[in-house]
Amino acid sequence: MAGILAGALLLSACSSGDDGGSPAGGTPAAGSASPSETPVAVTFEPAGGTAVNPATPIVVKAANGKLLDVAVTNTAKGKTVAGKLAADGSSWTSSEPLGYGTTYKIVAHAQGANGKPVEQDNQITTLSPKKQANANLIPAPAAVASTGVGVGQPIVFSFGKVAVKDKAAVEKALTVESTPKQDGSWYWIDDSNVHYRPKEYWKAGTTLKVTAKIYGVDFGGGVFGAEDRTETYKVHDSWIAKADGNSEQMQIFHNGEMVKSMPISMGKDATPTHLGAHVISDKQANYTMDSCTYGVCPPDPKAYRSNEKFSERISNDGEFVHENPNSVGQQGSSNVSHGCINLNDANAQWFFQNMGLGDVVEVTNSGGPQLPVWDLYGDWSKSWADWQAGSAIK
């Protein structure tokens, strides 16, 4: 009986709660604190300091409590930054970009689980670029809003006189969304200009949403993107002209169907028209053609200056499709121009009325060299593999 009683007393001792924890219904053991006694912890991202990228959102978080309100203020202008508080009060995030070279004061009011209010302050200063770069679009969206662009139109971002050192970073910020979807890729023509084209000509009726999210993007060399930009282009019907130097004829195809053929005269042997797909970049009912604009000036025998009608530019080195009454006798039989495609008055007017920006003029058998990729819109001179190789993202 004594042994049984001793065992019972031992079992009772093991169930006494003296294992360092709290007995049921008791208070925390010495050295520990209940959640209700732990003060709210407020943290900031970025944590503070200078040279903060203004495109980085400010995030304020609260642990063991909740945020009541957050105010981010431009210290120079007194303007507050918009932001959104999470429904549960766990965080606050700014919803608009900050400015370059600006100091912001951050004041957060929070309340702990213990009901005690807390105020936490912070301050950041954003970086100041040496120079800012704008994303200039070619063609200008407003100029083609009513007409749309042709199936050969590349999308061009020009950064002006800025030399982009980190091309991959910039290219990652550029997108073209096509509806219907078509494969496409970027190609850096030089340090300041990047072109986008599909694998094949755009499908007629395609919508192109073009976006440059370059604000805060480091171009390299102390240059940062000035602002984001989004524009939309519409691709109109397919218009493709096929100019053949052997037949001295140009056939016009509308949505794949030949609708007209006209006699032409292309560049003579000394000034042959470039081979390949040309894209119309401008059209003028009356235009003065001056070879000096691309460096060929008198007394050079190749120099010229003349006033022409119904002119549509197909390259940047003086090639146009235009009316030329002086070569009507040779149109359809021989090439006598300085590189342009000459038409008679009636055909030139018809071409001018039906063909426009982004439409294609494919030149074959001209005796000339291939249109260079850098010659305004020589984009289609590259194979798809070579075009993709011109991307900065490998």
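So, burial: of the 394 residues in this protein chain, 42% count as buried. Keep in mind that this is a predicted model. The accessible surface comes to about 19500 Å², and 52% of that belongs to carbon and sulfur atoms.

What is the chain built from? There are four helices and 27 strands. Its radius of gyration is 35 Å, well over the 21 Å that the globule rule gives for 394 residues, so the chain is more spread out than a compact globule. You can see that in the spans too: along the principal axes, the C-alpha trace covers about 135 × 60 × 35 Å. And if you take contacts between residues at least 6 apart in sequence, 65% of them join residues at least 24 apart.

Okay, let's go to the annotated part. UniProt, in an unreviewed entry, puts a feature called "domain: L,D-TPase catalytic" at residues 239-364. That span is 8% helix and 42% strand, and its end C-alpha atoms lie 17 Å apart.

Which residues carry the "active site" annotation? According to the unreviewed UniProt entry, His 322 and Cys 340. They span 19 residues in sequence, yet their C-alpha atoms are no more than 7.4 Å apart, so they gather at one spot.

Take His 322 to begin with. His 322 sits in strand 25, and with a relative accessible area of 3% it's buried. Leaving aside neighbours within four places in sequence, His 322 touches a whole list of residues, including Met 289, Glu 308, Ser 311 and Cys 340.

Now its partner. Cys 340 is in the loop between strand 25 and strand 26. Is Cys 340 buried or exposed? Buried, at 4% relative accessible area. With the same sequence neighbours left out, the contacts of Cys 340 include Ser 265, Gly 267, Met 289, Phe 320 and His 322.

Phe 320 gives us a nice way into the aromatics. The structure holds 13 aromatic pairs. In one of them, the rings of Phe 157 and Phe 159 have centres 6.5 Å apart and planes at 15 degrees, so that pair is stacked. Phe 157 is buried at 0% relative accessibility, and Phe 159 is buried at 3%. Back to Phe 320: its ring and that of Tyr 287 have centres 5.1 Å apart, with planes at 40 degrees, so this pair is tilted. Tyr 287 lies in strand 23 and Phe 320 in strand 25, so the pair ties together parts that are 33 residues apart in sequence. Phe 320 is buried at 5%, whereas Tyr 287, at 25%, counts as partly exposed.

There's also a cluster: Phe 157, Phe 159, Trp 186, Trp 188, Tyr 196, Trp 202 and Phe 219 form one aromatic group. And some rings have a charge over them. The charged end of Arg 197 sits over the ring of Trp 387, 5.1 Å from its centre. Lys 283 has its charged end over the ring of Phe 352, 4.5 Å from the centre.

Last stop, Ala 212. Ala 212 is in strand 15, residues 207-212, and it's buried, with 0% relative accessible area. Beyond its neighbours within four places in sequence, Ala 212 is in contact with several residues, among them Phe 157, Leu 174 and Asp 228. The C-alpha atoms of Ala 212 and Val 176 are separated by 9.1 Å, with their positions 36 residues apart along the chain.

Definitions and conventions
Residues numbered from 1 in each chain as written. Predicted model: local features only at pLDDT ≥ 70, side-chain atom pairs only at ≥ 80, totals over all residues. Heavy atoms only, no water. Phe/Tyr/Trp six-rings, centres within 6.5 Å; stacked < 30°, edge-to-face > 60°. Buried < 20%, exposed > 50% of the residue type's maximum accessible area, 1.4 Å probe, protein only. Helix = DSSP H or I, 4+ residues; strand = E, 2+ residues; numbered from the N terminus. Lys NZ or Arg CZ within 6 Å of the ring centre and 35° of its normal. Contact = heavy atoms within 4.5 Å. Rg over C-alpha atoms; globule rule 2.2 N^0.38 Å. Areas by Shrake-Rupley, 256 points an atom, 1.4 Å probe, with all protein chains shown as cover. UniProt positions renumbered as here; feature names shortened; annotations may be inferred.
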